[in-house]
Amino acid sequence: PYISYSESDRVDIILTNPPFGGREEDGIESNFPAHFRTRETADLFLALFIRLLKTGGRADIVLPDGSLFGEGVKTRLKEHLLQECNLHTIVRLPNSVFRPYASIGTNLLFFEKGQPTQDIWFYEHRVPEGQKSYSMTRPIRVEHLQDCVDWWGGRERQGREETELAWRVTIDEIKARDYNLDFKNPHIV
């Protein structure tokens, strides 16, 4: 159960692609606090990851677009995440990243526990020029992320600038949208 994880169970780093789009069996959600109860696997994992991180711990999690704009439990989870952690970067991935298994939009969420979020940088990863989409025979490769790595600004994320692929959103903008994190690239008409 969620509450059984104590300080001694906390970790420094979480790097994961939790199962999403699935539903847990009856009763699993009762292991979580009432305000986080759901049977959606991605939501339950996100709640657990926030709890499992040590103060100062870092996480990178793959989540579907629905986690960014969903309401109800998803809104409470996003509010909790932004209060407990600094969600500093969301990398928006193309719908084709997980083809042929899924064709839904996914995101990489990067956060550190201990300080609330003040603003979030978004970076839109695009399929390489000359390629229509990712596929099983033409998957995403590390070198495809080099532009994002160059923009990142090292461990301290220094020198980030807005570009046609990168933009920043403040916590006030996020709260005004009731914690909807589905911000589209403002540089695209």
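Which side chain meets that of E164 in a salt bridge? In this predicted model, the partner is R126, with N and O 3.4 Å apart. The legends below start from this pair.

**View 1. The salt bridge between E164 and R126 links two loops.** E164 belongs to the loop between α4 (146–152) and β6, and R126 to the loop between β5 and α4, so their pairing ties together parts that are 38 residues apart in sequence. E164 is exposed, at 52% relative accessibility, whereas R126 is partly exposed, with a relative accessible area of 34%. The structure holds 11 salt bridges in total.

**View 2. D182 and R92 form a salt bridge.** The closest N and O atoms of this pair are 2.8 Å apart. Because D182 lies in the segment after α5 and R92 in strand β3, the contact ties together parts that are 90 residues apart in sequence. Both side chains belong to buried residues: the relative accessible area of D182 is 15%, and the relative accessibility of R92 is 10%.

**View 3. D182 also forms a salt bridge with K184.** Here the closest N and O atoms are 3.0 Å apart. K184 counts as exposed, at 54% relative accessibility, while D182 is buried. Through shared partners, salt bridges join D65, R92, D182 and K184 into one network.

**View 4. The largest nonpolar core comprises 33 residues.** Within this core, L87, F111 and I174 touch the most other members. At least two core residues come from each of α1 (41–52), β2 (53–64), α3 (73–84), β3 (85–93), β4 (106–113), β5 (119–124), β6 (166–170) and α5 (171–176). The largest share, seven residues, is supplied by α1. In soluble globular proteins, nonpolar side chains tend to be buried together.

**View 5. The surroundings of I174 include residues distant in sequence.** I174 is one of the three residues that touch the most other members of the largest core. When neighbours within four places in sequence are left aside, I174 is in contact with L82, I120, V169, Y179, N180, L181 and F183.

**View 6. A second nonpolar core is separate from the largest one.** This core has 14 residues. Among them are L93, F110, C148 and L165.

How values were computed:
Residues numbered from 1 in each chain as written. Predicted model: local features only at pLDDT ≥ 70, side-chain atom pairs only at ≥ 80, totals over all residues. Heavy atoms only, no water. Core = buried A, V, L, I, M, F, W, Y, C linked by side-chain atoms within 4.5 Å. Buried < 20%, exposed > 50% of the residue type's maximum accessible area, 1.4 Å probe, protein only. Helix = DSSP H or I, 4+ residues; strand = E, 2+ residues; numbered from the N terminus. Contact = heavy atoms within 4.5 Å. Salt bridge = Lys/Arg side-chain N within 4 Å of Asp/Glu carboxyl O.
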